[in-house]
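Me: I'd like a close look at one part of this protein. Keep it brisk, and then place that part in the rest of the chain.

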Amino acid sequence: MKLMGKLFINGKIKVLTGLYIGASKTDAAIGDIDNCVIKTSEGIPYIPGSSLKGKIRSLLEKSILDEIVKEESPEKENLQGKNNSKDNSVNAKNKLNLCTCGSENCKICVIFGSSADKRSNEAGPTRLIVRDCHLTEETRRKMENKEGEFKELELNYTESKWENVIDRLTSRAEHPRQTERVPAGAEFDFQIVFNLLEKQDIDRFFYFISGLNLLQDDYLGGNGSRGYGRIEFSSFQVGAKTISDYEGKNEMEILYDGTLQGFSREKEEFADKLMKKLGLNDNEDL
Ligand SMILES: [Zn+2]
């Protein structure tokens, strides 16, 4: 397998409800907020590429699990009774949670990479690179000047929210804690690179896109059950570079410019354009 080309998704992530992606304790500055969001060395919040990638991966894995459980359970119930079917779904869950099979037939491992050791890893090189997402210049400027929706912002780029924390063991409410969040209305730039090594990678790319759709209906970061972390992909552009583009002028061709929803509708058209650009035809197998 060798690289045929790369796809680039560029766009914006719009925060619809306060976003909390926690910093580890050692990163957090000493202050009065218990739960700080992760920030760059300049003190500006960002979304680590690894957080975005991990969330999309887990949503896709969960969606496969749902399929498996749905398919298996009616049959198993008839054959073995209810209790066994429950056990099986738990087993399936454990098995599929962060798949490490490394099989070339596993979309998850091929796209996102696998920690399977080299000898058993047929999945080849990881197709996906997710870059860190930084606040757009416009959001940054508005926040710094406390303009528009950020008029009431308490901190430079964030707000703080009091939450009653319930102790899970005792079910008793502990004293309220402050959580820092990126406020609704903030926008981040994002870039995702998808390497194309074989023809099937086009289908794998569409599968990955379905994970972005799942994320829009879920949440990013922590405290999702309290309504945190709803996001939307507010603009969506997909460009491509082939190996000969790299050898030549190194220019990317934009193959789609619009919205995530629009892209999902028009993916057949996109596939045709991309196949043509890569010099592939429908019947040829690599
Ligand atoms: Zn796998």
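Let's start with one side chain. Is Phe190 buried or exposed, and what is its relative accessible area?

Reply: Phe190 is buried, with a relative accessible area of 3%. Buried here means under 20%, exposed means over 50%, and partly exposed lies in between, with a 1.4 Å probe and protein chains only. Phe233 is also buried, at 5%.

A word on the model. It is a predicted one, in which local features need pLDDT of at least 70 and side-chain atom pairs need 80 or more, while totals for chains, interfaces and linings use all residues. Residues are numbered from 1 along each chain as its sequence is written, and side-chain values use heavy atoms, leaving out hydrogens and water.

Now the ring partners. The whole structure holds 12 aromatic pairs. Rings of Phe, Tyr and Trp (its six-membered ring) pair when their centres lie within 6.5 Å; planes under 30 degrees apart are stacked, over 60 edge-to-face, and the rest tilted. Phe190 and Phe233 make one such pair, edge-to-face, with 5.2 Å from centre to centre and 65 degrees between the planes. Phe190 sits in strand S7 and Phe233 in strand S8 (residues 231-242), so this pair ties together parts 43 residues apart in sequence. Another edge-to-face pair joins Phe263 and Phe270, at 4.9 Å between centres and 70 degrees between planes. Phe263 and Phe270 are both buried.

Those last two rings belong to a wider group. Phe263 and Phe270 form one aromatic cluster with Phe112, Phe194, Phe205, Phe206, Phe208, Phe236 and Tyr256. Three members, Phe205, Phe206 and Phe208, are among the buried residues of helix H5. The others buried in H5 are Asp201, Ile202, Arg204, Tyr207, Ile209, Gly211, Leu212 and Leu215. Helix H5 covers residues 200-216, which is 17 residues. Helices (H or I, at least four residues) and strands (E, at least two) are DSSP runs numbered from the N terminus. The expected span of a helix is 1.5 Å times one less than its number of residues. For H5 that gives 24 Å, and the end C-alpha atoms are 25 Å apart, which agrees.

Next, the loop that leads into strand S7. Ala184 lies between strand S6 (177-181) and strand S7 (187-196). Ala184 is partly exposed, with 36% relative accessibility. Its C-alpha atom is 7.9 Å from that of Lys14, although the two are 170 residues apart along the chain. Ala184 is in contact (heavy atoms within 4.5 Å) with Val15, Leu16, Thr17, Gly18, Glu149 and Phe150, leaving aside neighbours within four places in sequence.

A second loop shows a buried residue. Ile38 lies between strand S1 (5-15) and strand S2 (46-47). Its relative accessible area is 15%, and Ile38 counts as buried. Ile38 touches Ile21, Gly22, Ala23, Pro45, Tyr46 and Pro48, not counting residues up to four places away. From Ile38 to Tyr20 is 8.4 Å, C-alpha to C-alpha, with their positions 18 residues apart in sequence.

Now the metal. Cys99, Cys101, Cys106 and Cys109 coordinate the zinc ion through their SG atoms, at 2.2 to 2.3 Å. A donor is an N, O or S atom within 2.8 Å of the metal (3.2 Å for Na, K and Ca); water is not included, so a site may look incomplete. In sequence, the spacing of the zinc donors is C-x1-C-x4-C-x2-C. The 4 donor atoms subtend angles of 101 to 116 degrees at the zinc ion, which makes the arrangement tetrahedral. Four donors count as tetrahedral if all angles lie between 85 and 135 degrees. Cys106 is buried at 14%, and Cys109 is buried at 1%.

Two backbone details are worth a check. Lys146 has phi near 50 degrees, a positive value in a residue other than glycine. Lys146 is in the loop between helix H4 (137-144) and strand S5 (159-163), and is partly exposed at 29%. Asn250 also has a positive phi, near 60 degrees. Asn250 falls in the loop between helix H6 (243-247) and strand S9 (253-258), and is partly exposed at 40%.

Last, the whole chain. There are 8 helices and 9 strands. Of the 286 residues, 41% are buried. Among contacts with a separation of 6 or more, 67% join residues 24 or more positions apart.

Notes. Four donors count as tetrahedral if all angles lie between 85 and 135 degrees; four count as square planar and six as octahedral if opposite donors are over 155 degrees apart and all others between 65 and 115; anything else is irregular.
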